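Let's take a friendly walk through this structure, starting from one residue pair and widening the view step by step.

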Amino acid sequence: MSVTAQSVWNNCLEFIKDNIQPQAYKTWFEPIKAVKLTDTALSIQVPSKFFYEWLEEHYVKILKVSLTKELGETAKLVYIIKMENTYGNKQPFTEKIPSSNRSAVKSQDVDVPFNNKSPELRNPFVIPGIRNVKIESQLNPNYSFENFLEGDSNRLARSAGLAVAAKPGGTSFNPLLIFGGVGLGKTHLAHAIGVDIKDKYPEKTVLYISAEKFTQQYIDAVKKNNRNDFIHFYQIIDVLIIDDVQFLSGKSGTQDVFFHIFNHLHQNGKQVILTSDKAPVDMQDIEQRLLSRFKWGLSAELQNPDFETRVSILKNKLYRDGVEMPEDIIEYVAKNIKTNVRELEGAIISLIAQSSFNKKEINIDLARVIVEKFVKNTKREVSIDYIQKIVSDYFQMDVDTLQSKTRKRHIVQARQLAMFFAKKFTKASLASIGSQIGKRDHATVLHACKTVDNLSSTDKQFRKYVEDITKKLSV
Ligand code: ADP
Ligand code: MG
């Protein structure tokens, strides 16, 4: 019976298969081809540099044991890195990696004698933050379903998440897009799905990544000419979670690469989970073809939690932190902080901190002070009164003057600016703006807005006014 590269490799595979997780075997060993056997050196072909790195980092021991069993102590493994250019052009090519100083080896291959030293050719495709974490998921175990309290505001998204976690890639919720305003639990829920999948299907490759980081990695990959490795890496993931996809807006290169990765995953029954601060229809500067993919599965909204949900979220948080707090205080906080969960948590944390640093008892007065600060600091809704005050201060006049019937040019301009900013920064109607700024009608306000628009594009000094006041209003 003749010994061939194939037969040696088959025996190795049999051994490896018995010793590692089936999914890992499928991912990392099935794609390998045995190509050549010279004496005791077996050459295998791997799909990418990244692949080679991964094998070296995670499976070098088992490779060594299996190959030594077949070929004896002098066994050597040679990697040949072949990359299928799956991106656009279908031409396969062989990537030539210059060999290190070891002269015995042919220069185009990566030769790895089993000397337990890592080969010098360690200049791989490094995906920051991923390679360091061996369980490459990047999931936060504290963000679990258990800790994600259910309420009317999140029921649909939460149950869809549970369904996806039970059968990743096997429901019609693919992609699952979770959207909603800041602090409403998008990131938490996205992690919870991943955590649950990892729990139920430990062999699945789950990856959580923010769209921002994804973009950065892509930019780096392009810089280092590693675009194919980047794509390949993402194409082997079973459950891909991308947080805050609105970040991709305007970034056409990243959108393009994501489009291809998405298609590949989707076609192969892999699960994609996305979060965004808006519904797909409201996303801007995202390519149409990508938006239409986003809508393929389910878009589930997270809304502001109602009072009961806010109370249970607070209680759960306090319970987990081992802090006791009187019921009426919890309710007071829940009643007054309505904007989002992050602020709710923030207020309760300040409350606990204040009371423990200052050795004050947590009572309703302390709660009132803290909640008030919180609401003031975070809401800062610009009112029409406030706008009039800022504008009159800027022109060193008082609000009465700004509102007066005079036709003096600089006063008229100040008034028009106040109207313009009231339109821009509040939700008030033209009529209501008019009635609050010197009892004018809606046509006057409309005219004011147009005048400001015109003047700021033709008059440099005037444009400066607009910019200065905008700054003052946005601090
Ligand atoms: P987003 O990503 O939408 O801005 P996060 O997921 O970061 O919001 O949530 C903000 C905070 O609120 C996190 O600490 C999260 O744990 C908490 N949170 C949000 N929704 C819930 C919920 N339903 N139950 C418990 N905690 C929640
Ligand atoms: Mg988030």
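## A parallel sheet and its surroundings

Leu240 finds its bridge partner in S9, where Val272 takes that role. Please keep in mind that this is a predicted model. The pair belongs to a wider match: strand S8 and strand S9 run parallel and are joined by four bridges.

Stepping back, we meet an open sheet of five strands with parallel pairing, in the order S7-S8-S9-S6-S10. Why is one side of S7 and of S10 left without a neighbour in the sheet? These two strands stand at the edges, and each has a single partner strand, so nothing in the sheet flanks the other side. On average, neighbouring strands here are turned by 15 degrees against each other, direction ignored.

Helix H6 packs on this sheet, where it touches S7 and S8. The direction of helix H6 makes about 90 degrees with that of S7.

Here are residue ranges for the elements met so far:

| Element | Residues |
|---|---|
| Strand S7 | residues 206–210 |
| Helix H6 | residues 211–223 |
| Strand S8 | residues 239–243 |
| Strand S9 | residues 271–276 |
| Strand S10 | residues 298–301 |

Now for the whole protein. Its secondary structure amounts to 19 helices and 10 strands. Of the 475 residues, 49% are buried. Looking at contacts between residues at least 6 apart in sequence, 72% join residues at least 24 apart. On the outside, about 24400 Å² is exposed, and carbon and sulfur atoms supply 50% of that area.

Definitions and conventions: Residues numbered from 1 in each chain as written. Chains lettered and ligands numbered in written order. Predicted model: local features only at pLDDT ≥ 70, side-chain atom pairs only at ≥ 80, totals over all residues. Heavy atoms only, no water. Pairing = 2+ DSSP bridges. Axes fitted to C-alpha atoms, helices over the stretch in contact; angles between N-to-C directions. Contact = heavy atoms within 4.5 Å. Buried < 20%, exposed > 50% of the residue type's maximum accessible area, 1.4 Å probe, protein only. Areas by Shrake-Rupley, 256 points an atom, 1.4 Å probe, with all protein chains shown as cover.
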